[in-house]
Amino acid sequence: QNFTDEECLTTVALFIENMIIKGMIRTRSNPVKLDTQIAEYPLRHEQVCQTETKSDAYTNVWHETIHLNVVEKSIFHLLDGRHSHAQLHAQLLQDVANGLITFSNQGVQVTDPEKITLHAQEHLQASLYNLKRNGLLAR
């Protein structure tokens with residue numbers, strides 16, 4: 001069956017409207033500028049704010065509530081554009097040394113210093129990506 005251009009546009013418009021209503025598509029009247037890459041000195045987006053005092057919940061640029069995991073909470077206060085990945089990694093290692101963070105592999109706590117360093121680096125990269133994907137980083 002052949003459809004007219006008008007029928008196609010109406011169908012697509014109704015589809016998009018339905019997806020927006022269901023929360024499956026985000027839309028804003030003004031675009032939110034987010035970098036596609038994570039900078040060497042990551043920066044929290046200026047519109048991000050903590051939902052409650054002493055909470056792990058933050059409101060992102062799309063006004064959604066995002067809960068931070070333990071690694072994200074450890075580094076979030078340092079995402080001011082002045083701390084490098086190496087400094088963020090050092091913060092994670094300090095938190096491990098202070099007993100605030102532990103890493104495990106298949107349910108067994110990692111205690112080998114080299115493996116802890118590797119796990120901290122892996123978790124740092126994953127957390128920075130997650131923060132960017134969730135609209136919490138400007139760069």
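**Exercise 1. A residue in a loop**

Between which two strands is the loop where Gln 106 is found? Once you have placed Gln 106, decide whether this residue is buried or exposed, and look at the sign of its phi.

*Solution.* Keep in mind that you are working with a predicted model.
Step 1: Gln 106 sits in the loop between strand E4 (104–105) and strand E5 (108–109).
Step 2: the relative accessible area of Gln 106 is 80%. Exposed means over 50%, so Gln 106 is exposed.
Step 3: the phi of Gln 106 is positive, about 55°, although the residue is not a glycine. Most residues other than glycine have a negative phi.

**Exercise 2. Another positive phi**

Find His 63 and describe its place, its exposure and its phi.

*Solution.* Step 1: His 63 belongs to the loop between E2 and E3.
Step 2: its relative accessibility is 62%, so His 63 counts as exposed.
Step 3: here, too, you meet a residue that is not a glycine but has a positive phi; for His 63 the value is about 65°.

**Exercise 3. Drawing the sheet**

Sketch the open sheet of three strands and mark which strands stand at the edges.

*Solution.* Step 1: write down the order, E1-E2-E3, and give the strands antiparallel pairing. Strands of a sheet pair through backbone hydrogen bonds, either parallel or antiparallel.
Step 2: put E1 and strand E3 (65–67) at the edges. Each has a single partner strand, so one side of each is left without a neighbour in the sheet.
Step 3: join strand E2 (residues 57–59) to E3 with three bridges. For Tyr 58, draw the bridge to its partner in E3, Ile 66.

**Exercise 4. Inside the nonpolar core**

Work out which helix gives the most residues to the largest nonpolar core, then follow the contacts of Leu 136.

*Solution.* Step 1: this core has 22 residues, and those with the most contacts inside it are Phe 76, Phe 103, Leu 131 and Leu 136.
Step 2: the elements giving two or more residues are helix H2 (70–76), helix H3 (85–97) and helix H4 (113–133). H4 gives the most, with five residues.
Step 3: not counting residues up to four places away in sequence, Leu 136 touches several residues, including Phe 76 and Leu 131. Tyr 58 and Ile 66, the bridge partners from Exercise 3, are also among the residues that Leu 136 touches.

**Exercise 5. Two glutamates**

For Glu 72 and Glu 46, decide in each case: buried or exposed?

*Solution.* Step 1: Glu 72 is found in helix H2, and Glu 46 lies in the loop between H1 and E1.
Step 2: buried means under 20% relative accessible area. Glu 72 has 2% relative accessibility, so Glu 72 counts as buried.
Step 3: Glu 46 has a relative accessible area of 74%, so Glu 46 is exposed.
Step 4: leaving aside neighbours within four places in sequence, Glu 72 is in contact with His 67, Ser 127, Asn 130 and Leu 131. You met Leu 131 in the core of Exercise 4.
Step 5: try some distances. The C-alpha atoms of Glu 72 and Leu 92, 20 residues apart along the chain, are separated by 9.7 Å. For Glu 46 and Thr 27, 19 residues apart, the separation is 19 Å.

**Exercise 6. A nonpolar surface patch**

Locate Ile 25 and name its companions in a nonpolar patch.

*Solution.* Step 1: Ile 25 is in the loop between helix H1 (5–21) and strand E1 (49–50).
Step 2: its relative accessible area is 33%, so Ile 25 is partly exposed.
Step 3: Val 12, Phe 15, Ile 16, Ile 20 and Met 24 form the patch with Ile 25, and together they have about 530 Å² of accessible area.

Terms used
Residues are numbered from 1 along each chain as its sequence is written. This is a predicted model: local features need pLDDT of at least 70, side-chain atom pairs count only at pLDDT 80 or more; totals for chains, interfaces and linings use all residues. Side-chain values use heavy atoms; hydrogens and water are left out. A nonpolar core is a set of buried Ala, Val, Leu, Ile, Met, Phe, Trp, Tyr and Cys residues joined through side-chain atoms within 4.5 Å. Buried means under 20% relative accessible area, exposed over 50%, partly exposed in between (1.4 Å probe, protein chains only). Helices (H or I, at least four residues) and strands (E, at least two) are DSSP runs, numbered from the N terminus. Contact means heavy atoms within 4.5 Å. Patches are made of residues with over 30% relative accessible area and no salt bridge: like charges are joined within 9 Å, nonpolar side chains (Val, Leu, Ile, Met, Phe, Trp, Tyr) within 5 Å. Accessible areas come from the Shrake-Rupley method with a 1.4 Å probe; for residues, only the protein chains shown count as cover. A salt bridge is a side-chain nitrogen of Lys or Arg within 4 Å of a carboxyl oxygen of Asp or Glu. Two strands pair if DSSP finds at least two bridges between them.
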